[in-house]
Amino acid sequence: MPASNKRASVLQGTLDLLVLSTLSRGALHGFGIAQRIQDDSDELLRVEEGSLYPALHRLEQTGLLKGEWRETENGRRARYYSLTARGRRQLATELETWKRVSQGVARVLKLA
């Protein structure tokens with residue numbers, strides 16, 4: 001697998017985890033999700049529309065998210081996403097995996 005495909009796969013998995021985690025606190029529209037991730041990361045993470053919306057559609061198609069059209073606080077129509085029961089289970093699984101991987105990386109970096 002070319003390096004760019006491996007990077008895309010890792011980034012996609014990380015983006016999915018960030019989206020699921022963000023939506024665990026309540027339904028949001030796409031812009032709100034991107035803004036929350038940016039705010040919660042103290043501006044370190046910025047999710048571009050070109051990455052976010054395909055991820056939202058994919059997560060919805062796989063049954064991890066449910067989307068519905070609503071009116072925003074500005075009076076515009078937007079698709080709001082929320083976690084399904086399956087999405088909550090997936091988030092728990094992915095959080096456990098993330099913790100194990102990050103602990104392993106921390107151990108390796110400690111030896112450097």
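At 10% relative accessibility, D16 counts as buried. In this predicted model, the D16 side chain meets that of R58 in a salt bridge, with N and O 2.5 Å apart. Because D16 belongs to helix α1 (residues 3-23) and R58 to helix α3 (residues 49-61), the contact ties together parts of the chain that are 42 residues apart in sequence. R58 has a relative accessible area of 24% and is partly exposed. The cut-off for buried is under 20%, so D16 at 10% falls below it, whereas R58 at 24% does not.

The pair of R58 and D16 is one of five salt bridges. Another joins D40 and R25, where the closest N and O atoms are 2.6 Å apart. This pair, too, links distant parts of the chain: D40 lies in helix α2 (residues 30-40), R25 lies in the loop between α1 and β1 (28-29), and 15 residues separate them. D40 is partly exposed, its relative accessibility being 46%. Exposed would require over 50%, so D40 at 46% stays in the class between buried and exposed.

A further salt bridge is formed by E68 and R70, with 3.1 Å between the closest N and O atoms. A pair counts when the side-chain nitrogen is within 4 Å of the carboxyl oxygen, so the 3.1 Å contact qualifies. E68 is partly exposed at 36% relative accessibility, and R70 is partly exposed at 35%.

Key. Residues are numbered from 1 along each chain as its sequence is written. This is a predicted model: local features need pLDDT of at least 70, side-chain atom pairs count only at pLDDT 80 or more; totals for chains, interfaces and linings use all residues. Side-chain values use heavy atoms; hydrogens and water are left out. Helices (H or I, at least four residues) and strands (E, at least two) are DSSP runs, numbered from the N terminus. Buried means under 20% relative accessible area, exposed over 50%, partly exposed in between (1.4 Å probe, protein chains only).
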